[in-house]
Amino acid sequence: MVTSHKDVENLTLTFVAEFPAPVGRVWQVWEDPRQLERWWGPPTWPATFDRHEFTVGGESRYYMTGPDGTKAHGWWRITAIDAPHRLEFEDGFGDQHGEPTDKLGVTRMVVSLEAAGDGTRMTTVSHFTDAEHLEQLVKMGMEEGMRLAMGQIDDVLGTA
Amino acid sequence: MVVDRVFHALADATRRDILTRVIREEQSVSALARGYPMSFAAVQKHVAVLESASLVVKQRRGREQIVRADLTAMRRAAALLDAYEELWRHRVQGIDRILQEGS
């Protein structure tokens, strides 16, 4: 089950999902960089976390590799942790060496995990600085969405 | 509300795809129509919904009708939030897969 709420004026996206696993298990997909990198990037832009300090004030460095080998760098800075229920961090773009650049916007992320029946409800709230920033952020995702759509069209045409 | 119309316009996968394409580059309705397994009229209808949400503008150029993205800051933000939501859907699917593996 997935629901979302978009607040266009305040540029936030609230996304709620439920998983059939206990809170502690869902926490691990954030805590363990090997699990995190399997879902953080868009489908054909897999992420690699080469640093992941999961503690308040800790930083992460990651890059996502596109289909043509292009690397998009990003970083996290963790601002609050209350394991296994709450995680707050800033997510930003990195330069070609992966170091934070202040030229582009920073997303503030608040993740909450709570027990819901036998499973876990995960709420993520993303706060963006401005629309331009958001645009940068989804560019890859949109290209990806477009490619997926194209692939589906190819399939349809191929079997026609 | 403009924003409601925007979200209605973007609730459809084909319209999201059309918008994505014309954000990258303006295109004629006939060029768009070639990209989808549906009739020219159906694609034209999708373009009209995007137009009524003020997400695109149509312009006659010779025999062609050219579709361009027309995004003020707020409409742009709505479209972008929508795309960002797609990313989160993918992420949730990814987490689901991992959770199903080793429990």
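pLDDT is the predictor's confidence in each residue, from 0 to 100. I start there since this is a predicted model.

**Entry 1: confidence.** I looked up chain A first: its mean pLDDT is 82, and 79% of its residues reach 70 or more. The weak stretch I noted is 145-160 of chain A, where pLDDT stays under 50. The model has 12 contacts beyond four places in sequence for that stretch. Where pLDDT is low, the predicted coordinates should not be read in detail, and I leave the tail alone.

**Entry 2: inventory of chain A.** I get 3 helices and 8 strands. Read from the N terminus, the order is β-β-α-α-β-β-β-β-β-β-α. Of the 160 residues in chain A, 28% are buried. I also checked contacts with a separation of 6 or more: 39% of them join residues 24 or more positions apart.

**Entry 3: the sheet.** How are the 8 strands ordered? I traced β1-β2-β8-β7-β6-β5-β4-β3 in chain A, an open sheet with antiparallel pairing. At the edges sit β1 (2-7) and β3 (47-52) of chain A, each paired on one side only. From one strand to the next, the twist averages 20°. Helix α1 (residues 23-31) of chain A packs on this sheet and touches β2, β6, β7 and β8 of chain A. I have the direction of α1 at about 160° to that of β7(A).

**Entry 4: the β1 end.** I found 6 bridges between β1(A) and β2(A), running antiparallel. Ser4(A) has Phe15(A) of β2(A) as its bridge partner. Their hairpin has 4 residues between the strands, and Leu11(A) takes a positive phi near 55° there. On to the next pair: β2(A) and β8(A) share 8 bridges, again antiparallel. Thr14(A) stands opposite Val125(A) of β8(A).

**Entry 5: two faces of β2(A).** Which side chains of β2(A) are buried? I see alternation: Leu13(A), Phe15(A), Ala17(A) and Phe19(A) point to one face and are buried. Thr12(A), Thr14(A), Val16(A) and Glu18(A) point to the other face and are not buried.

**Entry 6: the β3 end.** Here β3(A) meets β4 (residues 59-65) of chain A through 5 bridges, antiparallel. I noted Ala47(A) opposite Met64(A) of β4(A).

**Entry 7: over to chain B.** The largest nonpolar core has 47 residues. The members touching the most others are Leu19(B), Leu50(B), Leu55(B), Val56(B) and Ala79(B). Helix α5 (residues 73-101) of chain B gives the most to this core, 11 residues. I then followed Leu19(B): beyond four places in sequence, its contacts are Leu50(B), Leu55(B), Val56(B), Ala69(B) and Ala79(B).

Note on methods:
Residues are numbered from 1 along each chain as its sequence is written. Chains are lettered from A and ligands numbered from 1 in the order in which they are written. This is a predicted model: local features need pLDDT of at least 70, side-chain atom pairs count only at pLDDT 80 or more; totals for chains, interfaces and linings use all residues. Two strands pair if DSSP finds at least two bridges between them. Axes are lines fitted to C-alpha atoms, for helices over the stretch in contact, and angles run from 0 to 180 degrees between N-to-C directions. Two residues are in contact if their C-beta atoms, placed from the backbone, lie within 7 Å. A residue is buried if 20 or more other C-beta atoms lie within 10 Å of its own, exposed if 12 or fewer, and partly exposed in between; C-beta atoms are placed from the backbone. A nonpolar core is a set of buried Ala, Val, Leu, Ile, Met, Phe, Trp, Tyr and Cys residues joined through C-beta atoms within 7 Å.
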